[in-house]
Amino acid sequence: MCSELFPPAKPFNQVILASGVASLTVRSLKHQQVIYDKIAARLGVQEHQTARERLKALRGVPADELVNSYVALGAPVVSWQATADGVFLKQTPSVSNLPFQKYDPSLRRVLIGDCAHEGTIFAHPLKAMQLDYPKLQQMASSSLGDETSKQLLQEYGISASSSPEDLFTRLTRLVTDAEWSQPIQNVARSFSEQDVFYYHIRDVNPFPGPNKGLSHHGVDLLYIFLTYQSYLPDNVAKLAEDFAKSWLVFANGGTPWKSYDKTQDGKSTIMYFGPSGANTEGAEESKMAYKGLQVCEKLLLMHPHFVTSLRGENIVE
């Protein structure tokens, strides 16, 4: 997007990607139009009104009512993605084209990574779908075909005997792998003709609450700004210092750890933050989810919308 908006002078030559990649965070104009129409209808904005009149009516809606109007979407997930509008974003990114993505040569360095339990950010919509094995099996077969769906469910240990709690845990892992970690891996691989610094967070949230003990989405915010140092265990506070130092080193053009080499097929170096306050460089294949990423690449690369449907988002191309 920046390559098209700011030719020939680009505003930066390096970037940190710490909250997913474009396949998760961008939707088509048609998709967003469906959402807009549903919300507008719920709020009493009439179709026969001009675009200017509709906009004026929406601006007059109280903020709380506007937020609550998301229930009109029929799924417990808000629409927070950017829009491929043909102006600022020319194309809708997809998981299937990430491995072949080309980048402007002025972008020289990327720092990118994920957390071990990213999918917990979708815990509420996953639970609200009330999936049991028969329903899940039917959805998978319909989207992927009988053979592929059978392979996928087997690889993730999902069966008719799975308890509701176990099924939820395994689906969260599938969402983490398919929507976060595998697309992030694809970006790292597609960019790594130049410098990529790839990381994986395994340390967990130590504070009371539903995310305690999880390396959930956003857990890095406990570290990077050093805001909670006096509340963290000593070993985790030390990890936070190392974490923040690495980000500053990168921002100032330095090398925070060994760069990622996509040609090594699992042997590439990534930085592991945690567990228990440790930060160590190690092979990518030692990542617990590494096998799952290979499964997602093999079985879901051309069927990414199946996983989004598990949390109630039905994508319109």
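**View 1. Strand 5 and strand 6 run in parallel pairing.** In this predicted model, strand 5, residues 195–201, is joined to strand 6, residues 269–273, by three bridges in the parallel sense. One residue pair illustrates the contact: Tyr-199 has Met-271 in strand 6 as its bridge partner. In general, the strands of a sheet pair through backbone hydrogen bonds, and the pairing is either parallel or antiparallel.

**View 2. Five strands form an open sheet.** The strands of this open sheet follow the order 1-4-5-6-7, and their pairing is mixed. Strand 1 (14–17) and strand 7 (279–283) stand at the edges; each has a single partner strand, so one side of each is left without a neighbour in the sheet. On average, and with direction ignored, neighbouring strands of the sheet are turned by 20° against each other.

**View 3. Helix 9 packs on the sheet.** Helix 9, which spans residues 164–191, touches strand 1, strand 4 (109–115) and strand 5. The direction of helix 9 makes about 160° with that of strand 4.

**View 4. The largest cavity has a lining of mixed character.** The count comes to one cavity of 30 Å³ or more, and the volume of the largest cavity is about 30 Å³. The lining consists of Ala-18, Gly-113, Asp-114, Cys-115, Glu-118, Tyr-199, His-217, Gly-218 and Asp-220. Strand 4 supplies three residues, the largest share of this lining. Sorted by class, the lining has three nonpolar, three polar and three charged residues. Tyr-199, the bridge partner of Met-271 in View 1, is one of the residues that line this cavity.

Technical notes
Residues are numbered from 1 along each chain as its sequence is written. This is a predicted model: local features need pLDDT of at least 70, side-chain atom pairs count only at pLDDT 80 or more; totals for chains, interfaces and linings use all residues. Side-chain values use heavy atoms; hydrogens and water are left out. Two strands pair if DSSP finds at least two bridges between them. Helices (H or I, at least four residues) and strands (E, at least two) are DSSP runs, numbered from the N terminus. Axes are lines fitted to C-alpha atoms, for helices over the stretch in contact, and angles run from 0 to 180 degrees between N-to-C directions. Contact means heavy atoms within 4.5 Å. On a 1 Å grid over the protein atoms alone, a cavity is a set of points where a 1.4 Å probe fits but cannot get out, and a pocket is an open set with protein on both sides within 12 Å along at least five of seven lines; lining residues have an atom within 4 Å of a point. Grid points are joined across faces, edges and corners, and a volume is the space filled by probe spheres set on the points. Ala, Val, Leu, Ile, Met, Phe, Trp, Tyr, Cys and Pro count as nonpolar, Asp, Glu, Lys and Arg as charged, and the others, Gly among them, as polar.
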